[in-house]
Amino acid sequence: MPARRRFDWMRRTGLVAGALIVGLVLLVAILAPWITPHDPFVQNLDNRLAVPFWMEGAEPDHLLGTDGLGRDYLSRLIYGARISMLIGLLTVVTSGVIGTTLGVLGGFFGGKVDDAVLFAITCRLAIPVVLVALAVVGLLGSSLMLVILVLGLLLWDRFAVVARSTTMQVRNLDYVAAAWASGLSTPAILVKEILPNIASHLAVVATLEMALAILLEAALSFLGLGVPPPLPSWGLMIAEGKDYMFFSPWVIFVPGVALFILVFGINLLGDGLRDLLGAGDTR
């Protein structure tokens with residue numbers, strides 16, 4: 001097999017693998033109320049830290065065992081997928097709208113508008129995301145929607161940079177000039193001509209930001225400032241299991257592996273989309 005064809009096959013394989021992983025997690029998240037074997041919030045202190053199926057003495061009713069409060073670990077892991085996907089998707093939507101709007105306006109109009117956008121991007125890049133998120137959540141209290149809002153307002157800079165640079169590349173092309181000549185308004189040109197032609201670049205950025213948002217939420221939850229208990233966030237499950245890590249290490253291993261697989265799949269999907277859509281200059 002020629003080297004180039006082998007490389008193309010590997011890239012397509014990565015794209016398919018990433019799409020399958022993300023699609024499977026998304027499907028599990030959507031079907032969570034119907035496929036969970038137990039209520040993820042019901043505690044049973046008489047059955048604390050039941051071992052998973054690959055260990056001796058496992059219970060068939062709890063394939064992944066139970067946590068320190070006797071809650072079914074498989075059920076909490078499935079519902080944790082809902083939290084991770086919800087945070088990833090809504091954060092990308094929020095940050096994507098903000099960043100894309102600023103970037104397209106700055107790249108299309110230039111001049112003082114572009115200067116203002118560049119100033120906003122510079123200010124955002126000077127802000128440490130984790131420290132600001134910790135401060136805001138610590139002051140206002142942890143909640144799911146607050147975490148999504150804070151991450152969405154802090155992760156728009158890459159969208160803005162990519163949207164600005166790609167808009168500057170396409171604003172002087174022939175089809176934009178033809179749209180001007182046909183009498184289209186500025187908003188119509190931005191929506192019908194500019195955005196569709198930079199969408200492939202933004203799709204790659206969206207996958208990167210989604211993976212980052214999921215990791216940041218897990219980090220905040222691990223520190224006790226993310227999704228509040230008893231919601232089954234994977235980061236919170238790791239935090240709750242750290243007290244048992246020396247005697248029952250699987251309570252950290254299981255959600256940690258799930259988090260790794262999801263982020264790995266999202267990154268595979270992003271790399272595959274970059275190659276497929278020819279958006280390699282976004283990174």
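Which residues does Gly88 touch, not counting residues up to four places away in sequence? In this predicted model, Gly88 touches Met210, Ala213 and Ile214. Gly88 is found in helix H3, and it counts as buried because its relative accessibility is 0%, where the cut-off for a buried residue is under 20%. A further pairing concerns Leu215: Gly88 and Leu215 are separated by 127 residues in sequence, yet their C-alpha atoms are 9.2 Å apart in space.

**Helix H5**

Helix H5 comprises the 12 residues 129-140. At 1.5 Å a residue the helix should span 16 Å, and its end C-alpha atoms are 16 Å apart, so the expected and modelled values agree. Val129, Ala133 and Val137 are the buried residues of H5. Viewed down the helix axis, these buried residues fall within an arc of 45°, and therefore they line one face of H5. Leu131 and Leu139, on the other side of H5, are exposed. The cover over the buried residues of H5 includes helix H4 (111-125), helix H6 (144-154) and helix H9 (186-222). Just after H5, Gly141 adopts a positive phi of about 95°.

**Cavity and pocket**

A search of the whole structure yields 1 cavity of 30 Å³ or more. The lining of the largest cavity consists of Val129, Val130, Ala133, Leu151, Leu216, Ala219 and Leu220. H5 and H9 are the elements that give two or more residues to this lining. Val129 and Ala133 thus appear in two descriptions, as buried residues of H5 and as lining residues of the largest cavity.

The largest pocket is lined by Ile21, Leu24, Val25, Val28, Leu77, Ile78, Ala81, Trp234, Val254, Val257, Ala258 and Ile261. At least two residues of the pocket lining come from each of helix H1 (3-30), helix H3 (73-109) and helix H11 (250-277). Helix H3 is also the element in which Gly88 is found.

The table sets out the volume and the lining classes of both spaces.

| Space | Volume | Lining by class |
|---|---|---|
| Largest pocket | about 270 Å³ | 12 nonpolar, no polar and no charged residues |
| Largest cavity | about 30 Å³ | 7 nonpolar, no polar and no charged residues |

The lining of the largest pocket therefore has no polar and no charged residues under a classification in which Ala, Val, Leu, Ile and Trp are among those that count as nonpolar.

Note on methods:
Residues are numbered from 1 along each chain as its sequence is written. This is a predicted model: local features need pLDDT of at least 70, side-chain atom pairs count only at pLDDT 80 or more; totals for chains, interfaces and linings use all residues. Side-chain values use heavy atoms; hydrogens and water are left out. Helices (H or I, at least four residues) and strands (E, at least two) are DSSP runs, numbered from the N terminus. The expected span of a helix is 1.5 Å times one less than its number of residues. Buried means under 20% relative accessible area, exposed over 50%, partly exposed in between (1.4 Å probe, protein chains only). The arc is that of the directions from the helix axis to the C-beta atoms. Contact means heavy atoms within 4.5 Å. On a 1 Å grid over the protein atoms alone, a cavity is a set of points where a 1.4 Å probe fits but cannot get out, and a pocket is an open set with protein on both sides within 12 Å along at least five of seven lines; lining residues have an atom within 4 Å of a point. Grid points are joined across faces, edges and corners, and a volume is the space filled by probe spheres set on the points.
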